[in-house]
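Biologist: Could you walk me through this model in plain words? I would like to learn how its inside is described.

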Amino acid sequence: MKGLFKPKPRTPIDIVRQTTDLLLLFDRSTEIRDSKREEKQMAELCKNIRELKSILYGSSESEPVSEACAQLTQEFFKENTLRLLINCIPKLNLEARKDATQVVANLQRQPVQSKLIASDYLEKNMDLMDVLIAGYENTDMALHYGAMLRECIRHQIVAKYVLNSPHMKKFFDYIQLPNFDIAADAAATFKELMTRHKSTVAEFLSKNYEWFFADYNSKLLESSNYITRRLAVKLLGDMLLDRSNSSVMTRYVSSRENLRILMNLLRESSKSIQIEAFHVFKLFAANRNKPPDIISIFVANKSKMLRLLDEFKIDKEDEQFEADKAQVMEEIAALEG
């Protein structure tokens, strides 16, 4: 007889609705009134979030079912569940925070009738990005909000909003936070912002060239922190060598101050920084329209540069690197003041 009264299994829609109701309770409550009752509700909420995760990701026994994922996603974005979840994450325990982070991340990629509905939702709720970015200032929330933010940036409309927001300037400080894990997470988000959506990045760099590269040079390339310098010079190369940024690259390699910074990075004791700096330095040498003050620096430092490059060896054989080096040395040797 027991089997007759088994509870009906909950559908993905049921789980989302019950999760939303519980999130509403915790979003409204500022103080604990009935601790036993709240503990029970919190346990239920954490269980629901875990179930949402297992529907989206599947389990060791089963793969995710696309129809269930689509139902879950549609219901999730129909109401304000994403906003409620982001608001309530600080009230969850660590395991539930991790589950919630994975749920939010996965939902950004879930198609509903071949459309990413997360993008439409975020377009109308961009202020949620302000909450996620500010998370870098909260040690407990930074890594959860940072992971969510990177997934949201997959949508071009979101990346454009963040790039053109006042928050962009804060990333230069977040990357240098004393907490290594948070600084590294902020650097990963910054890299995603500066490389994922080519046309949006090119437009941003063209409009914001002056302040962006002034901060990039002084706060990142000339940072006292070795890891910050290494990440910054690698990312600089990735940005300047991207075809979408060709006009920005031409402007960057026409600056005397930028050349000075790259020459200093070439002389670093770290081989990895030297190699990344070389990939940017070669753009200055290859520039067919070098301004007179750039030529004068090359000419004044010609013998030092040629000696440095001649002694510059990398650990493994690399024909492309050797060819680039020979080309750069030829360009410098041929310059005359």
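Modeller: Gladly! On a 1 Å grid over the protein atoms alone, a cavity is a set of points where a 1.4 Å probe fits but cannot get out, and lining residues have an atom within 4 Å of a point. This is a predicted model, where local features need pLDDT of at least 70, side-chain atom pairs count only at pLDDT 80 or more, and totals for chains, interfaces and linings use all residues. Residues are numbered from 1 along each chain as its sequence is written, and side-chain values use heavy atoms, leaving out hydrogens and water.

Biologist: Which residues line the largest cavity?

Modeller: Helix H12 (residues 198-207) gives the most to this lining, with four residues; helices are DSSP runs (H or I, at least four residues), numbered from the N terminus. The full lining is Lys160, Asn164, Thr200, Glu203, Phe204 and Lys207.

Biologist: Is Phe204 buried or exposed?

Modeller: Buried means under 20% relative accessible area, exposed over 50%, and partly exposed in between (1.4 Å probe, protein chains only). Phe204 has a relative accessible area of 2%, so Phe204 is buried.

Biologist: How do Phe204 and Trp211 pair?

Modeller: Rings of Phe, Tyr and Trp (its six-membered ring) pair if their centres lie within 6.5 Å; planes under 30 degrees apart count as stacked, over 60 as edge-to-face and the rest as tilted. By this rule there are 25 aromatic pairs. Phe204 and Trp211 form one with centres 6.2 Å apart and 80 degrees between the planes, making the pair edge-to-face.

Key. On a 1 Å grid over the protein atoms alone, a cavity is a set of points where a 1.4 Å probe fits but cannot get out, and a pocket is an open set with protein on both sides within 12 Å along at least five of seven lines; lining residues have an atom within 4 Å of a point. Helices (H or I, at least four residues) and strands (E, at least two) are DSSP runs, numbered from the N terminus.
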